[in-house]
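Biologist: Hi! I'm new to this one and would love a friendly tour. Could you pull it up for me?

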Amino acid sequence: MSLWMANFIKMNGEYLLKALPFLLKSVKILLYMAKNHFLWENNRSNMGSFIKGLGFYVPENVVKNEDFLKYMDTTDEWIQERTGIKERRYATRHKESTVSLAAEAAKKAIADAGIQASDIDFIIFATLSPDYFFPGCGVLLQRELGITGTECGALDVRNQCSGFIYALSVAHQFSSSGMYRNILVVGAEVHSMGLDYTTRGRNVSVIFGDGAGAAIVQPSSEAGQGILATCMHSNGTHAEELAFINPGCHGGRYGDIEKYGYLDEKEYGGTFLTQKMLDDALIYPNMNGQLVFKHAVQKMPEAIMEVLNKAGYKPSDLKMLIPHQANLRIAAFVQHTLRLNDSQVYNNIQKYGNTTAASIPIALTEAYQQGLFSSGDLVCMTAFGSGFTWGAVLMRWV
Ligand code: COA
């Protein structure tokens with residue numbers, strides 16, 4: 001030992017002795033981290049993810065087809081015949097919002113997964129009807145769940161009807177890579193606050209409903225279990241054929257002053273929301289129903305086949321298909337194309353209408369709660385919607 005070292009120990013021996021427990025604890029923590037990292041790295045190539053918990057929530061307020069008769073020229077027969085919808089749920093003003101519905105669904109999924117809200121280390125929130133233009137719903141949900149203290153990340157996904165498929169696919173990647181242990185994936189919508197309840201808007205307003213569904217995604221190291229394959233696609237060619245354009249930051253780029261009107265006296269701004277948009281009722285979603293229909297019945301079966309092929313299965317292997325609840329006729333088309341029988345396809349649009357990003361997690365939770373699939377069953381979910389965007393997820397239920 002050098003003279004310098006001997007002098008150092010002599011002078012600081014007392015302090016070193018005091019610091020010894022702390023040093024030992026630090027070494028122990030470092031060893032624990034190294035061991036975990038080693039195990040994690042070792043397992044990483046085998047990692048996947050699965051849905052550990054599910055929950056859904058719909059508002060109590062039931063709106064029947066007949067309830068629209070006082071606002072627009074429509075009939076119960078037309079709505080049922082063209083869409084299959086009998087009723088839907090509407091949120092209560094001043095009381096409920098997309099985030100409050102999401103929080104109720106999330107609490108149920110958290111309980112079903114047997115975890116605490118504070119265990120959530122990432123939030124993915126899919127919606128087209130956010131509470132605010134910004135910030136996103138993810139942070140509002142974090143606050144609503146009382147877990148701001150965790151400072152977990154929150155991501156908003158804006159992929160409309162295929163929002164939940166996209167959100168789940170992202171969660172699958174984050175989970176499988178070992179990045180997060182408990183990801184809360186939510187699809188939630190409150191459409192009822194922003195629809196056109198006149199005859200002009202009847203083709204859209206009768207279809208949509210409010211609700212929320214949630215899932216807790218966890219990593220899994222069991223091969224062939226949980227999420228087996230995902231696919232996500234888009235084609236922006238027909239972006240405006242199913243869209244909610246105003247208010248917006250497009251600055252009239254896709255139209256002109258004639259269409260949107262500008263506050264010309266202003267040097268900057270004044271195009272986000274103009275008086276002309278309000279006067280001409282250009283502040284509602286619009287939809288080319290037939291075009292959407294044609295693409296949906298083609299792309300949803302394609303997406304299902306893509307994930308089945310990736311995982312080496314065929315349609316007859318499916319225990320349950322959960323199609324996005326856009327229209328009962330679309331679901332029937334998909335079922336027919338893939339030659340699935342009635343017991344292989346779950347629909348609940350009759351009760352809830354089209355709840356966009358919430359439709360798949362609501363239907364998945366209902367089917368699961370009804371015991372329509374269980375551990376070991378092959379379950380597929382698919383969606384198509386605005387964008388156009390579409391995709392599918394195939395799971396071996398754990
Ligand atoms: N009540 C009564 N009549 C209505 C109506 C309503 N709520 N909405 C539209 N109509 C009328 C139309 O004005 C039209 O009248 P016209 O013939 O006098 O012009 C007639 O019904 C037929 O309209 P059309 O749009 O051709 O009907 P459709 O058979 O295509 O059904 C949809 C309309 C919207 C139900 C159907 O196209 C659809 O479901 N498309 C897919 C939409 C979808 O899934 N969107 C969600 C995104 S994933």
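Modeller: Happy to! One term before we start: a residue is called buried if 20 or more other C-beta atoms lie within 10 Å of its own, and exposed if 12 or fewer do. Keep in mind, too, that this is a predicted model.

Biologist: Got it. So how many residues of helix H12 are buried?

Modeller: Nine of the 11 residues of H12, which spans residues 359-369, are buried, so the helix is largely enclosed by the rest of the structure. The buried ones are Ser359, Ile360, Pro361, Ile362, Ala363, Leu364, Thr365, Ala367 and Tyr368.

Biologist: Which strands does H12 lie across?

Modeller: H12 lies across S1, S6 and S7, and runs at about 90° to S1. After the helix comes glycine 371, which has a positive phi near 70°.

Biologist: You mentioned some strands there. What is the strand order in that sheet?

Modeller: The order is S1-S7-S6-S4-S5, an open sheet of five strands with mixed pairing. At the edges are S1 (48-57) and S5, each of which pairs on one side only. From one strand to the next, the twist averages 20°.

Biologist: Mixed pairing, okay. How do S4 and S5 run, parallel or antiparallel?

Modeller: S4 and S5 are parallel, joined by five bridges. Isoleucine 123 sits opposite alanine 154 in S5. S4 also pairs with S6 in the parallel sense, over five bridges, and isoleucine 123 stands opposite leucine 184 in S6.

Biologist: And how do S6 and S7 run, parallel or antiparallel?

Modeller: S6 and S7 are antiparallel, with seven bridges between them. One place to look is valine 185, which stands opposite alanine 215 in S7.

Biologist: S6 keeps coming up. Why is S6 described as largely enclosed?

Modeller: Because seven of its seven residues are buried. In a regular strand the side chains alternate between the two faces of the sheet. In S6, both faces are covered: Ile183, Val185, Gly187 and Glu189 are buried on one side, and Leu184, Val186 and Ala188 on the other.

Biologist: Nice. Which strands does helix H5 touch?

Modeller: H5 (residues 163-176) packs on the sheet and touches S1, S4, S5, S6 and S7 (211-220). The direction of H5 makes about 175° with that of S6.

Biologist: What about helix H4, what do its buried residues pack against?

Modeller: The buried residues of H4 pack against helix H3 (98-113) and strands S4 (122-126), S5 (153-157) and S6 (183-189). Those buried residues are Cys137, Gly138, Leu140, Leu141 and Gln142. Just after H4, glycine 146 takes a positive phi of about 70°.

Biologist: Changing topic: how many residues surround the ligand?

Modeller: There are 22 residues around the ligand, and the closest are Thr74, Arg202, Asn203, Gly289 and Ala326. By class, this shell has 12 nonpolar, eight polar and two charged residues.

Biologist: Which helix gives the most to that shell?

Modeller: H9 does, with five residues. At least two shell residues each come from H2 (76-83), H6 (202-205), H9 (289-311) and strand S12 (378-385).

Biologist: Now the backbone oddities. Where are there cis peptide bonds?

Modeller: One joins asparagine 246 and proline 247, with omega about -5°. Proline 247 is in the loop between strand S9 (242-243) and helix H7 (257-260). Another joins glycine 387 and phenylalanine 388, with omega about -10°, and phenylalanine 388 lies in the loop between S12 and strand S13 (389-396).

Biologist: What's the general background on phi and peptide bonds?

Modeller: Most residues other than glycine have a negative phi, and most peptide bonds are trans. Here, alanine 281 has a positive phi of about 55°, and arginine 339 has a positive phi near 55°.

Biologist: Is alanine 281 buried or exposed?

Modeller: Alanine 281 is exposed, because 12 other C-beta atoms lie within 10 Å. Its place is the loop between helix H8 (275-279) and strand S10 (286-287).

Biologist: And arginine 339, buried or exposed?

Modeller: Arginine 339 also counts as exposed, with 10 C-beta neighbours inside 10 Å. Look for arginine 339 in the loop between helix H10 (328-337) and helix H11 (349-352).

Biologist: Great, thanks for the tour!

Key. Residues are numbered from 1 along each chain as its sequence is written. This is a predicted model: local features need pLDDT of at least 70, side-chain atom pairs count only at pLDDT 80 or more; totals for chains, interfaces and linings use all residues. A residue is near a molecule or strand if its C-beta atom, placed from the backbone, lies within 6 Å of it. Helices (H or I, at least four residues) and strands (E, at least two) are DSSP runs, numbered from the N terminus. Ala, Val, Leu, Ile, Met, Phe, Trp, Tyr, Cys and Pro count as nonpolar, Asp, Glu, Lys and Arg as charged, and the others, Gly among them, as polar. Two residues are in contact if their C-beta atoms, placed from the backbone, lie within 7 Å. Two strands pair if DSSP finds at least two bridges between them. Axes are lines fitted to C-alpha atoms, for helices over the stretch in contact, and angles run from 0 to 180 degrees between N-to-C directions.
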